[in-house]
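Me: I am new to this structure. Please take me through it step by step.

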Amino acid sequence: MNKTTAILIGLIFTDGCLSPKGKGDKKNSWRFYFSNKSQQLVSIFKDSIMQEFALPEDRIRLGMTSDGLYRAIVDSKEAGQIFTERFGTFRTLRYKNGRLPKTHLPIEELIQHNVVKEFLQSAFSCDGGVSLYVARRKTKSDEAKWLIRGVYLACAHPKLRKEYIILLKSLGIKACDAGDGKVKIRDRKNMEKFY
């Protein structure tokens with residue numbers, strides 16, 4: 001695995017998807033799809049997928065979604081087969097029946113090839129954020145206030161949240177599953193390491 005692959009799968013696991021293309025028994029290809037508010041992230045996706053699979057630029061369809069997001073679509077039977085055979089499913093949300101998909105991050109491969117940083121940068125760029133707010137608590141004499149700050153990564157899949165924590169730990173960063181669908185980095189020391 002190289003940096004380009006790590007960036008690409010980080011983008012697909014968050015604001016992208018890889019799904020069968022076609023209907024019914026005619027699902028004979030694969031579709032890569034990525035959308036985001038950031039045109040720069042869509043451009044990174046486009047460049048990464050072109051480099052990863054040696055695709056010409058005209059194979060990537062760029063546009064806008066109905067809700068104003070930038071998007072990129074690539075249909076490729078060969079590329080889709082390579083990625084699904086290598087990484088499995090990229091689905092992170094529950095199925096309609098409530099079951100979780102059997103998905104996992106390629107932890108060992110990311111660590112072995114020293115590309116954890118690139119993977120996490122792309123994932124946090126899509127589904128991450130910074131929280132900063134004032135907390136208040138009434139005391140007998142007055143109201144106490146303090147600043148709560150943190151870095152988080154939103155992820156609906158509980159197994160993937162644990163795996164993100166393992167990847168952060170491999171870089172010396174302590175994080176926790178906050179129980180609200182987010183991996184959080186809460187203290188100053190670890191936020192500085194993350195930075």
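Reply: One term comes ahead of the rest. A contact means heavy atoms within 4.5 Å. Angles run from 0 to 180 degrees between N-to-C directions. Note also that this is a predicted model.

Me: How many helices and strands does the protein have?
Reply: Both kinds of element occur in the protein. The count is seven helices and eight strands.

Me: In what order do the strands of the open sheet lie?
Reply: Four strands form this sheet, and their pairing is antiparallel. Its edge strands, each pairing on one side only, are β1 (16-21) and β3 (61-64). The twist averages 25 degrees from one strand to the next. The order is β1-β2-β4-β3.

Me: Which residue in β4 stands opposite Arg 61?
Reply: β3 and β4 (residues 70-75) run antiparallel, joined by four bridges. Across from Arg 61, in β4, stands Ile 73.

Me: At what angle does helix α2 run to β2?
Reply: Helix α2 covers residues 39-53. It lies across β2 (29-36), β3 and β4. Its angle to β2 is about 150 degrees.

Me: Which strands does helix α3 touch?
Reply: Helix α3 (residues 77-87) packs on the sheet. Its direction makes about 80 degrees with that of β2. The strands touched are β1, β2 and β4.

Me: What share of the residues is buried?
Reply: Buried means under 20% relative accessible area. The protein has 195 residues, and the buried share is 38%.

How values were computed:
Residues numbered from 1 in each chain as written. Predicted model: local features only at pLDDT ≥ 70, side-chain atom pairs only at ≥ 80, totals over all residues. Heavy atoms only, no water. Helix = DSSP H or I, 4+ residues; strand = E, 2+ residues; numbered from the N terminus. Buried < 20%, exposed > 50% of the residue type's maximum accessible area, 1.4 Å probe, protein only. Pairing = 2+ DSSP bridges.
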